[in-house]
Amino acid sequence: MFNAEKPSLNELPTSAQLIRSTAIAAASAVAILVTVVLPAEYDIDPTGIGSVLGLAEMGEIKSQLAAEAEADRIKALEEQGALVTQEQSSLMNDIFSVFVGAAHAEEVPSEAVQEWRDEITFTLAPGESAEWKLVMEEGQTAQYAMLVDGGRVNFDLHGHGSGQSETYYKGRGSTGDEGEITAGFAGEHGWFWRNRDKTAVTVTVQVRGEYDEFKDAS
């Protein structure tokens with residue numbers, strides 16, 4: 001072990017010296033805080049020394065940067081909140097539309113759905129033909145749906161009357177069709193079918209709209 005000499009009591013600082021050193025250190029710390037730290041870090045210069053030393057300008061820059069960073073943070077939060085609000089609003093609008101659409105569908109009575117006005121069904125043996133026509137005035141429009149069961153047919157959708165004739169559409173090997181007819185003149189407008197298959201086929205035609213009569217023109 002090392003032998004160390006103990007200091008004598010005369011070498012130790014007195015209580016007064018300790019108090020004085022502590023006071024000097026505290027005063028120095030306060031002075032540094034007021035003249036250096038506050039101006040340089042927080043743009044607070046109560047003594048004016050910070051401006052003389054250029055520290056106040058540094059503190060002002062830091063304060064501005066901090067303010068800008070805070071403004072950017074707030075703006076980002078606002079934009080994020082606006083985006084969430086917009087998405088929530090869009091979702092609520094979609095849900096509202098679904099419910100409104102469903103409610104509207106429930107409110108519409110079944111009678112409001114336009115039914116087919118006339119329907120015919122006939123069977124064509126191989127090589128056999130048929131012809132049905134709508135009696136229409138010029139400008140009238142009718143809708144139709146045709147279904148062929150058991151095979152295929154050839155058909156000619158045309159009109160004639162008032163000294164005029166017009167072919168609207170020709171179908172070959174058809175298993176069905178749908179659409180509308182607008183009469184360009186007063187007369188009969190409709191279909192001529194022929195079964196070119198080797199087996200019998202059943203044809204169903206539904207019509208509705210503006211016409212006076214749907215009749216067999218074979």
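What percentage of the 218 residues in the chain is made up of buried residues? In this predicted model, buried residues account for 23% of the chain. The accessible surface of the chain comes to about 15000 Å², and 56% of that surface belongs to carbon and sulfur atoms. Among the contacts in the chain with a separation of 6 or more, 72% are between residues that lie 24 or more positions apart.

The secondary structure of the chain consists of three helices and nine strands. Read from the N terminus on, the order of these elements is α-α-α-β-β-β-β-β-β-β-β-β, and the strands are arranged in sheets that can be described in turn. Strands of a sheet pair through backbone hydrogen bonds, and this pairing is either parallel or antiparallel.

One open sheet is built from five strands in the order β5-β4-β7-β2-β9, and the pairing within this sheet is antiparallel. Its edge strands are β5, which covers residues 164-174, and β9, which covers residues 213-216, and each of these pairs on one side only. From one strand to the next, the twist of this five-stranded sheet averages 15°. Strand β2, formed by residues 129-136, is joined to β9 in the antiparallel sense over four bridges, and within this part of the sheet L134 stands opposite F214 of β9.

Strand β2 also contains E131, a residue that counts as buried because its relative accessibility is 16%, where the cut-off for a buried residue is under 20%. The side chain of E131 makes a polar contact, at 2.7 Å, with the side chain of K133. When neighbours within four places in sequence are left aside, the residues in contact with E131 are H158, W191, F192, W193, K215, D216, A217 and S218.

A further open sheet is built from four strands, which follow the order β1-β8-β3-β6 and pair in the antiparallel sense. Strands β1 (118-124) and β6 (176-182) stand at the edges of this sheet, and each has a single partner strand, so one side of each is left without a neighbour in the sheet. The twist in this four-stranded sheet averages 15° from one strand to the next. Strand β1 runs antiparallel to strand β8, which is formed by residues 201-209, and seven bridges join these two strands; in β8, V207 is the bridge partner of D118.

Definitions and conventions: Residues numbered from 1 in each chain as written. Predicted model: local features only at pLDDT ≥ 70, side-chain atom pairs only at ≥ 80, totals over all residues. Heavy atoms only, no water. Pairing = 2+ DSSP bridges. Axes fitted to C-alpha atoms, helices over the stretch in contact; angles between N-to-C directions. Buried < 20%, exposed > 50% of the residue type's maximum accessible area, 1.4 Å probe, protein only. Contact = heavy atoms within 4.5 Å. Areas by Shrake-Rupley, 256 points an atom, 1.4 Å probe, with all protein chains shown as cover. Polar contact = N/O pair within 3.5 Å; in protein donor to acceptor, adjacent residues only side chain to side chain.
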